[in-house]
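Trainee: I would like to learn how the words used for a protein model are earned. Could you take me through some of them, one value at a time?

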Amino acid sequence: MAYTECVKSSVWNMDEPLPRPSKYAESSLRERFVVQRVARDYYGVLGVRKEATAEEMKKAYRKLARELHPDVNPDPAAQQRFKDVSTAYEVLSDPAKRQVVDLGGDPLSGGGGGGQGGQDPFGNMGFGDIMDAFFGGNGKQRGPRSRVRQGEDALVDVELTLEECATGVSKDLALETAMICTLCQGAGTAAGTSTQTCDTCKGAGEIQQVQRSFLGQVVTARPCPVCRGYGEVIPDPCRQCNGDGRVRTRRSVRVNIPAGVGDGIRVRMSGQGEVGPGGGAPGDLYVEVRELPHDMFTRDGVDLHCTVHVPMTAAALGTSMTLATLLDTEEVDIKAGTQSGTVLTIKNQGMPRLRGTGNGNLFVHIEVQTPTKIDGRQSELLRELATLRGEEQPELAERSQGSIFSRIRDSLSGR
């Protein structure tokens, strides 16, 4: 085909080689015509009409296959014809590929050497991508989307003392969330009115755009810009919610916090979150616990720790004390000669187990206090005690034998 013939037509058969215009004629060709490949006529290859049923196409294929099979007809042209017939039947027997053909495309076209610069005119898209381009994603029509949608979850913090975490508590929380509009009950329309079908998309919720390409006509779909994909519009929206079907309002919610919760634990309240657009079902409300520091106890999971200051004389002679725990009161016996750093364990006086039974333990850390201010009489008595015990001067402590590993290490080093 000569160049002068090319510029007279806007399309040409894809089986013919594309002309190579001169550098002087190339720009004028781009300005005047859009180069486009024509999709194969698969129906014509099989010799059937476009409305043919699957059974009719099967009969036509079998008839042609018997005539053109290489075992029957050795003519090279017949062999090529047999390949074309087999390809056409393969395409048309697949409903998805047949739909692409009916829309003017070619599902088997790879755009090998015919695209601009030798590239695939569809950016190396596979068959699935071509289907997306034709049908707007996964080969399926999206259609209008519903105005009624599930609401979002909500999250609110609540501060609890350690005592409240140990015993559980009920709290009234003030929230500001989206609630269903009381004026339109979620419909979004003013009283006495209703929604109307979108004139732009005719209720489809999307509009299709046809583009010419090397594959023929490519149909793409996108949400309708007028109705935003809903397929319907609200000509007279509700004055209170402006068509959303919900309004933000303050409300009070009572939440029951179970015993044993801790910092960062979330309590889920089903259906107490944000109401969805169009009056959709509300999401869930999550109440996250923020545990406040305690003056006396520190928490380690289900266990509690506290420190008790014991006077030097009480630690030497032994004593007892009443300790108020989170759940009860306990009598703590401090034996004579108790040293600083001793840890006493009070069982089942820790925190309740959130997902189990029983409580953790309370660990009492003993800290022996040495007096810093004493009068003359006290000093005299202490000196007398030191003399009786032979403790006037400090002594260097002998090195402990240590563990078996330290003794092995010392023997190897010659100590």
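Mentor: Gladly! This is a predicted model, and helix α6, residues 95–102, is a good place to start. Its buried residues are K97, R98, V100 and V101.

Trainee: What makes these buried residues line one face of the helix?

Mentor: Look down the axis of α6: the buried residues fall within an arc of 155 degrees, so they line one face. There is a general reason behind such patterns. An α-helix has 3.6 residues a turn, so residues three or four places apart point the same way.

Trainee: What is found at the start of α6, and what just after it?

Mentor: At the start, a side-chain oxygen of D94 comes to within 3.1 Å of the backbone nitrogen of A96. Just after the helix, G104 has a positive phi of about 100 degrees.

Trainee: Which residues other than glycine have a positive phi, for example in the loop between β6 and β7?

Mentor: N242 is one of them, with phi near 60 degrees. N242 sits in the loop between β6 (232–233) and β7 (246–257). N348 also has a positive phi, near 60 degrees, and lies in the loop between β14 (343–346) and β15 (362–369).

Trainee: Why is N242 called exposed, while N348 is called partly exposed?

Mentor: The relative accessible area of N242 is 62%. Exposed means over 50%, so N242 earns the word. N348 has 48%, which falls between the 20% and 50% cut-offs, so N348 is partly exposed.

Trainee: How do you know that the structure has zero disulfides?

Mentor: A disulfide needs two cysteine sulfur atoms within 2.5 Å, and a search of the whole structure finds zero such pairs. Take C198: the nearest cysteine sulfur, that of C201, is 3.8 Å away, so C198 is in no disulfide. The sulfur of C201 has its closest cysteine sulfur in C227, at 3.6 Å, which is too far for a bond.

Trainee: Why are C198 and C201 counted as buried?

Mentor: Buried means under 20% relative accessible area. C198 has 1% and C201 has 8%, so both names fit.

Trainee: Where is D284, and what makes its link to R268 a polar contact?

Mentor: D284 is in the loop between β8 (266–269) and β9 (285–291). Its side chain meets the side chain of R268 at 2.9 Å. The cut-off for such a pair of N or O atoms is 3.5 Å, so the distance qualifies. D284 is also buried, because its relative accessible area of 13% is under 20%. Leaving aside residues up to four places away in sequence, D284 touches several others, including E152, D153, A154 and M269.

Trainee: Why is the pair of R49 and E51 called a salt bridge?

Mentor: Here is the general idea: side chains of opposite charge can pair when their charged atoms come close. The N to O distance between R49 and E51 is 3.9 Å, and the cut-off is 4 Å, so the pair counts. R49 is partly exposed at 47% relative accessibility, whereas E51 is exposed at 56%.

Trainee: How many salt bridges does a search of the whole structure find?

Mentor: The search finds 16. Another of them joins R254 and D172, at 2.9 Å from N to O. That pair links distant parts of the chain: R254 is in strand β7 and D172 in strand β2 (residues 169–180), 82 residues apart. D172 is partly exposed, with a relative accessible area of 47%.

Trainee: What do the side chains of E288 and R266 form?

Mentor: They meet in a salt bridge, 2.8 Å from N to O. E288 is in strand β9 and R266 in strand β8, 22 residues apart. Salt bridges that share partners join D157, R266, E288 and R290 into one network. E288 counts as buried, because its relative accessibility of 8% is under 20%.

Trainee: What does the secondary structure of the chain come to, and how many of its residues are buried?

Mentor: The chain has eleven helices and 15 strands. Of its 415 residues, 33% count as buried. Its accessible surface is about 26,200 Å², with 49% belonging to carbon and sulfur atoms.

Key: Residues are numbered from 1 along each chain as its sequence is written. This is a predicted model: local features need pLDDT of at least 70, side-chain atom pairs count only at pLDDT 80 or more; totals for chains, interfaces and linings use all residues. Side-chain values use heavy atoms; hydrogens and water are left out. Buried means under 20% relative accessible area, exposed over 50%, partly exposed in between (1.4 Å probe, protein chains only). Helices (H or I, at least four residues) and strands (E, at least two) are DSSP runs, numbered from the N terminus. The arc is that of the directions from the helix axis to the C-beta atoms. A polar contact is a pair of N or O atoms within 3.5 Å; within protein, one must be able to donate a hydrogen and the other to accept it, and residues adjacent in sequence count only if both atoms are side-chain atoms. Accessible areas come from the Shrake-Rupley method with a 1.4 Å probe; for residues, only the protein chains shown count as cover. Contact means heavy atoms within 4.5 Å.
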